[in-house]
Amino acid sequence: MPKFGPEKIRNVALIAHGGTGKTSLCEALLFASGTIDRLGSIEGGNTVSDSDADEIERRVSLVCSLLPLEWKNHKINLFDCPGYPDFIGEVFSGLLVADAVMALVDGAEGVGIQTERYWRMAQERGLPGLVVVNKLDKDNADFYRQMDAISRRLGCRPVATHIPIVAPFQGVVEVLTGKAYMIENGKEKEISAPAEMQDAIAAAKAKLIEDAAEGDDSLTEKYLEGGTLSEAEIKRGLQARIFKGEVVPVVPAAATKAIGAAGRLDCLIAWRPS
């Protein structure tokens, strides 16, 4: 008997403009899942994804790399697709075998032109997607500004499932539960959500509930009658809409510091009903 049935397998293509941090994100996800015990770096030439000599020398991905990992009784196959247009054939190959995509956006510079192009390719194939706002540890990075840019430039309805703890960026808050996480000794540790973020958390959760309520008629009816949904109902409603491509979850990140990696993994297994 195979360890994972089809309903427990996710094939996810990572797409973005070159230099947005896909390879570093792969390292963070592999590290968070326990697949590797240390974070490699582009500068060090020791990442799992970019192992070819030319990739190490050029510090760019040249081929679509397969990176398998396990998370919460699921098998996730990550396809790290090159970001530069010279290698678009590799991106196309990754999208052919993927059943979802994860797009990266630079928290300071915004949505890259190739990100838009690859996102359209994914949409033409009907693939549900997740967007990661990466590099939020950079100067002038702004998660909420990029949420607006994602809506405009990718033509989707973004919903924040996690929001950043900022000044400086040091962790994330899971909107649904209110749980907060930051990195300590290289690992994510649960902390109390900052008191000054309670209004932002409440506003993000209200948006989450509103989007989930449109997942099916019964949820819509309950929401209109009472103005809220249970945690299980919110998950069910969002799951249905993500799978249909009606909403796109957005999460904050600083891949080189592995901040927010667990939340991204949770989103990857949540888009499709098990």
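A residue counts as buried here if its relative accessible area is under 20%, exposed if that area is over 50%, and partly exposed in between (1.4 Å probe, protein chains only). By that measure, buried residues make up 51% of the 274 residues in the protein chain you have open.

Two ground rules before we set off. This is a predicted model, where local features need pLDDT of at least 70 and side-chain atom pairs count only at pLDDT 80 or more, while totals for chains, interfaces and linings use all residues. Residues are numbered from 1 along each chain as its sequence is written, and side-chain values use heavy atoms, with hydrogens and water left out.

**Stop 1: the whole chain**

Switch to a cartoon view. You'll find 9 helices and 11 strands; these are DSSP runs numbered from the N terminus, with helices being H or I of at least four residues and strands being E of at least two. The radius of gyration is 18 Å, close to the 19 Å that the globule rule gives for 274 residues, so the chain is as compact as a globular protein of that length. That radius is taken over C-alpha atoms, and the rule is 2.2 Å times the number of residues to the power 0.38. Along the principal axes, the C-alpha atoms fill a box of roughly 60 × 45 × 40 Å.

Now colour by charge. There are 31 positive and 39 negative side chains, and the centres of the two sets lie 2 Å apart. Lys and Arg count as positive, Asp and Glu as negative, with His and the chain ends not counted; each charge is placed at NZ of Lys, CZ of Arg, CG of Asp or CD of Glu.

**Stop 2: helix 1**

Select residues 22-32. How many residues of helix 1 are buried? The count is 10 of its 11, so this helix is mostly covered. Among the buried ones are Leu25, Cys26, Leu29 and Phe31, along with Lys22 and Glu27. Just after the helix comes Gly34, whose phi is positive, near 85°.

**Stop 3: a turn at Asn73**

Next, pick Asn73, in the loop between strand 2 (65-71) and strand 3 (74-80). Asn73 isn't a glycine, yet its phi is positive, about 65°. Is Asn73 buried or exposed? Exposed, with a relative accessible area of 65%.

**Stop 4: an aromatic pair**

Show the side chains of Phe143 and Tyr144. Their ring centres are 5.3 Å apart and their planes sit at 85°, so the pair is edge-to-face. The rule pairs rings of Phe, Tyr and Trp (its six-membered ring) if their centres lie within 6.5 Å; planes under 30 degrees apart count as stacked, over 60 as edge-to-face and the rest as tilted. The count by this rule comes to 1 aromatic pair. Phe143 is buried, at 3% relative accessibility, whereas Tyr144 is partly exposed at 43%.

**Stop 5: a cis bond**

Move on to Ala167 and Pro168, which are joined by a cis peptide bond with omega about -15°. Pro168 lies in the loop between strand 7 (162-165) and strand 8 (171-174), and Ala167 is in the loop between strand 7 and strand 8 too. Ala167 has a positive phi, near 65°, in a residue other than glycine, and it is exposed, with a relative accessible area of 71%.

**Last stop: Ser218**

Finish at Ser218 in helix 7 (residues 217-226). Ser218 is partly exposed, with a relative accessible area of 44%. Draw a line from there to Arg10: the two are 208 residues apart in sequence and 28 Å apart in space, C-alpha to C-alpha.
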